[in-house]
Amino acid sequence: MADREIRSQLKNTAIVLAAGSGKRMGTDTKKQFMELDGKPLMAHCLDVMQRSDIITGIVLVCGSEDVDYCKDEIAGRFGYDKVVAVTTGGKERYHSVMAGLDKIEELAGRDGCEHVFIHDAARPFITEEVLKRLYDSVRECEACVAAVKSKDTVKIANSADYVVSTPNRELTWIIQTPQVFTFSLAKEAYDKLKEEECGLSCQGIVVTDDAMVVETWTSHRVKLVESSYENIKVTTPEDMDIAKAIIRRRGSDKR
């Protein structure tokens, strides 16, 4: 593929994170490669992105031992021609996001990508409708994340597990992925994180998502965009049971 074609394909790029070990699943197979309805778990979100009118390119980030598998048994086997690169992730989730951003810049330059959709491979049920809402939002505010309003009361605790405060439930949200940013904003935030990484543990900072990186290392606000309660992250065997139930319900709804 010519450089110009690659730059065009990376206009709205999804970074799909598949480097996790999946220890909490308790199986030899990593959760992103476990079978769900006849195909690897991560193939379900890739199906949606492959069909999407919004996502123009995909960068897969996986463990070094899984690069060939992702190229041959995921991208190749299922015909995901939007996958322009498979690259190696790192120890922490944010290292894998950095690797994805660096790969995009390597292929398309600093200006070749407009928006980046950062998504966990273990969330199989993203929809085109949610992608559309996120895309509309990121074009307006440059930074947004998929989220759902909390159904439960949330408590803020101290280190001894005693309640410190109870935030207004109407203002609490559960954060999901994709998390979507202009490429320039995401790269700026992660470059600053990389510069200060050595001091994170000393400050007690644990980076848990991309919005936190943008919130911490830039002055930009992040918009919450309503997603779906079905957009679950499969982490434990119980989550896989829920995922199978969602597949069955969706199948019955089509009949």
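## Exercises on a predicted model

**Exercise 1. Place the salt bridge between D120 and R93 in the fold.**

In this predicted model, D120 and R93 are joined by a side-chain salt bridge, at 3.3 Å from N to O. Step one: locate the partners. D120 belongs to strand β6 (residues 115-120), R93 to helix α4. They stand 27 residues apart, and the pair links distant parts of the chain. Step two: check exposure. D120 has 8% relative accessibility and counts as buried. R93 is partly exposed, at 23%.

**Exercise 2. Test the length of helix α4 against its expected span.**

Step one: take the residues. Helix α4 covers residues 93-108, which is 16 residues. Step two: apply the rise. At 1.5 Å a residue, the helix should span 22 Å. The expected span uses one less than the number of residues. Step three: compare. The end C-alpha atoms are 23 Å apart, so the two values agree.
Step four: look at burial. The buried residues of α4 include Y94, V97, M98, L101 and I104. An α-helix has 3.6 residues a turn, so residues three or four places apart point the same way. Step five: look past the end. G109 follows α4, and its phi is positive, near 80°.

**Exercise 3. Trace the salt bridge of R110 and the network around it.**

Step one: find the contact. R110 and D191 meet through their side chains at 3.5 Å, N to O. Step two: locate them. R110 sits in the loop between α4 and β6, and D191 in helix α6 (residues 183-196), 81 residues apart. R110 is partly exposed, with a relative accessible area of 39%. Step three: extend. Shared partners join D102, E105, R110, K187, D191 and K194 into one salt-bridge network. The whole structure holds 20 salt bridges.

**Exercise 4. Compare the burial of E65 and K30, which form a salt bridge.**

Step one: the closest N and O atoms are 2.4 Å apart. Step two: E65 lies in the loop between β4 (57-62) and α3 (67-76), K30 in the loop between β1 (12-18) and β2 (35-36). Step three: E65 is exposed at 54%. K30 is at 18%, so K30 counts as buried, the cut-off being under 20%.

**Exercise 5. Classify the ring pair F78 and Y80.**

Step one: count. The structure has 3 aromatic pairs. Step two: F78 and Y80 lie 5.9 Å centre to centre, with 25° between the planes. Planes under 30 degrees apart count as stacked, so this pair is stacked. Step three: F78 is partly exposed at 23%, whereas Y80 is buried at 4%.

Note on methods. Residues numbered from 1 in each chain as written. Predicted model: local features only at pLDDT ≥ 70, side-chain atom pairs only at ≥ 80, totals over all residues. Heavy atoms only, no water. Phe/Tyr/Trp six-rings, centres within 6.5 Å; stacked < 30°, edge-to-face > 60°. Buried < 20%, exposed > 50% of the residue type's maximum accessible area, 1.4 Å probe, protein only. Helix = DSSP H or I, 4+ residues; strand = E, 2+ residues; numbered from the N terminus. Salt bridge = Lys/Arg side-chain N within 4 Å of Asp/Glu carboxyl O.
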